[in-house]
Amino acid sequence: MLAYAVILVEFVLSGRFRSISARLGMDVTMRVHQLFARTALALALLHPFLYRGAFNPALPWDATRQFTLTDDFGALASGIAAWVLLPGFVLLAMGRDRIGFSYETWRWMHGLGAVLIAGLLLHHTLAAGRYSTEAPLAVLWAVLLGIAVLSLVNVYVFKPLLQRRRAWTVASVKPAGLKTWELTLQPDGHDGLSYEAGQFVWLNVGHSAFSLRENPFSISSAPGTGPALQFVIKELGDFTRTLGQVAPGTRAYLDGPHGNLVVAGRGEPGIALLAGGVGVAPLLGILRQLRLEGDTRPTSLVYGNRVAEQISYRDELDALARDHGTEVVHVLSEPPRDWQGRIGMLDAAVVRELFSAPEKRDWLYVLCGPPAMMAAVEDCLIDLGVPARQILSERFTYD
Ligand SMILES: Cc1cc2nc3c(=O)[nH]c(=O)nc-3n(C[C@H](O)[C@H](O)[C@H](O)COP(=O)(O)OP(=O)(O)OC[C@H]3O[C@@H](n4cnc5c(N)ncnc54)[C@H](O)[C@@H]3O)c2cc1C
């Protein structure tokens with residue numbers, strides 16, 4: 001029963017409900033989704049042994065076990081099918097990058113597989129479960145399944161319908177560094193998106209609103225600059241590698257805003273932004289908005305890249321340092337000969353050097369970058385005594 005309840009909650013976590021993603025953030029939502037999946041798998045695999053195992057003596061009121069166990073194969077078959085499918089389903093999700101499916105193919109399989117397993121489990125629960133056939137529990141299962149299915153309908157039907165009424169148009173696609181593009185969208189006949197700097201959207205460029213070809217990207221523009229939205233996008237796979245060929249005027253659809261990488265409303269006396277590569281995208285939005293609002297708190301941007309050509313918006317960052325007083329620290333692991341800045345990785349040593357002053361323990365730290373950088377920086381900040389509630393982070397990839 002626990003396994004099935006956890007599986008049904010998984011649908012809600014994938015339902016892209018803004019109330020969840022804006023409160024918990026994508027990172028926590030995905031971590032909980034992964035943790036729940038593993039928990040449900042362990043419980044489900046244990047389930048038959050809990051009935052049959054040596055540690056399960058017959059209950060005093062059911063010495064013959066005729067009330068707790070059934071041998072009706074019709075009732076057991078759906079459970080056995082789900083029991084066999086579930087490990088493969090979870091392992092496929094954990095190893096999807098290594099297996100080599102495209103993200104869209106995997107998403108189709110994940111969605112359909114989840115519905116199939118939930119349906120099999122509902123049948124098994126109602127047909128074989130002694131207690132689950134009692135009206136209150138049967139109603140609970142039906143309601144939970146209804147919520148789960150509605151979560152899917154929300155993502156694949158309701159949201160696309162809404163997106164069709166609020167379409168966007170590609171205004172420009174310009175280079176913004178090595179294999180990196182700046183994409184600008186204009187609202188098409190509506191007043192744009194209400195968002196906070198640092199949030200992200202699921203973006204679909206050039207496909208039907210119902211297409212699964214959508215990817216998450218952080219908004220790099222500031223809400224205060226008007227309705228146009230900007231993104232900084234690095235080439236990685238199918239979509240991002242072809243972004244440079246997208247023509248102005250192409251139709252786009254957005255689902256969002258999502259995420260909690262948001263500094264609006266935070267009262268910390270200083271803000272440090274730490275970016276690895278294209279992780280600078282949401283942090284740019286935050287810095288731009290702070291400058292627009294004339295926020296007088298001290299700000300630092302530590303921006304790590306491999307080579308100098310990867311640094312996006314260098315002139316704008318210089319201007320931020322000059323006009324807004326932002327301390328901009330570039331870190332390069334493969335610097336050119338004449339490089340005056342820091343050399344190496346954006347790691348614990350850099351963080352310790354820049355942020356170990358006692359007053360910086362009260363600052364807000366906003367992190368976005370590759371997993372290794374994030375782990376090193378988060379651990380170091382915690383070691384320096386920065387409370388976890390003052391560290392906001394967003395990962396662009398999940399294992
Ligand atoms: C919250 C968030 C914000 C992001 N912001 C930015 C940004 O501002 N700039 C930027 O360059 N990149 C960003 N990314 C990463 C970006 O989403 C991927 O690089 C992009 O989706 C790759 O798509 P592709 O079709 O080119 O590559 P593919 O070959 O299709 O995918 C490569 C990998 O990207 C990931 N990915 C692909 N599609 C999705 C999807 N729909 N949902 C989740 N992950 C996916 C998967 O790990 C996949 O294995 C962000 C990711 C997340 C989760």
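**Pockets, sheets and domains**

Modeller: The lining of the second largest pocket splits into 20 nonpolar, eight polar and two charged residues. Please keep in mind that this is a predicted model.

Colleague: Thanks! What puts a residue among the nonpolar, polar or charged ones?

Modeller: Its type alone decides. Met, Tyr and Pro are among the nonpolar types, Asp, Glu, Lys and Arg are the charged ones, and His falls with the others as polar. Now try that on the residues nearest the pocket centre, which are Met1, His47, Pro48, Tyr51 and His124. By the rule, Met1, Pro48 and Tyr51 are therefore nonpolar, and His47 and His124 are polar.

Colleague: How many residues line this pocket, and which element gives the largest share?

Modeller: The lining has 30 residues, and α2 gives the largest share, with seven. The elements that each supply two or more are α1 (2–13), α2 (18–52), α3 (73–94) and α5 (103–128). The space in the pocket comes to about 940 Å³.

Colleague: And what makes a space a cavity rather than a pocket?

Modeller: The way out decides it: in a cavity a 1.4 Å probe fits but cannot get out, whereas a pocket is open. With a cut-off of 30 Å³ or more, the count here is one cavity. The largest cavity holds about 70 Å³ of space, and Val155, Pro160, Ala209, Ser211 and Glu214 are the closest to its centre among 14 lining residues.

Colleague: How do you know where the largest cavity lies with respect to domain 1 and domain 2?

Modeller: Look at who lines it. Domain 1 (2–163) and domain 2 (167–258) both contribute lining residues, so the largest cavity lies between them. Helix α6 (residues 135–165) provides the largest share, five residues. By type, the lining of this cavity holds six nonpolar, three polar and five charged residues.

Colleague: Let's move on to the sheets. Why are β4 and β5 called edge strands?

Modeller: First, the sheet itself: six strands pair in the antiparallel sense, in the order β4-β3-β6-β1-β2-β5. β4 (215–218) and β5 (229–234) each have a single partner strand, so one side of each has no neighbour in the sheet. Neighbouring strands here are turned by 40° against each other on average, ignoring direction.

Colleague: How do you know that β2 and β5 really pair?

Modeller: Pairing asks for at least two bridges. Strand β2 (residues 180–187) is joined to β5 by six bridges, so the pair passes, and the two run antiparallel. Within this region, Leu183 stands opposite Phe231 in β5.

Colleague: What is the order of strands in the parallel sheet, and which strands are its edges?

Modeller: That open sheet has six strands in the order β10-β9-β8-β7-β11-β12. Its edges are β10 (342–343) and β12 (391–394), each pairing on one side only. Strands β8 (residues 299–305) and β9 (residues 327–332) share six bridges, so they pass the test of at least two. Ser300, for example, has Glu327 in β9 as its bridge partner.

Colleague: Which strands does helix α8 lie across?

Modeller: Helix α8 (residues 280–292) crosses β7 (271–276), β8 and β11 (364–368), at about 150° to β7. Helix α10 (residues 348–355) lies across β7, β8, β9, β10 and β11, at about 160° to β8.

Colleague: Finally, what makes you say that domain 2 and domain 3 are in contact?

Modeller: Contact means heavy atoms within 4.5 Å, and 20 residues from domain 2 and 16 residues from domain 3 take part, so the two touch. The centres of domain 2 and domain 3, taken over C-alpha atoms, are 24 Å apart.

Conventions. Residues are numbered from 1 along each chain as its sequence is written. This is a predicted model: local features need pLDDT of at least 70, side-chain atom pairs count only at pLDDT 80 or more; totals for chains, interfaces and linings use all residues. Side-chain values use heavy atoms; hydrogens and water are left out. On a 1 Å grid over the protein atoms alone, a cavity is a set of points where a 1.4 Å probe fits but cannot get out, and a pocket is an open set with protein on both sides within 12 Å along at least five of seven lines; lining residues have an atom within 4 Å of a point. Grid points are joined across faces, edges and corners, and a volume is the space filled by probe spheres set on the points. Helices (H or I, at least four residues) and strands (E, at least two) are DSSP runs, numbered from the N terminus. Axes are lines fitted to C-alpha atoms, for helices over the stretch in contact, and angles run from 0 to 180 degrees between N-to-C directions. Domain bounds come from an automatic or database domain assignment.
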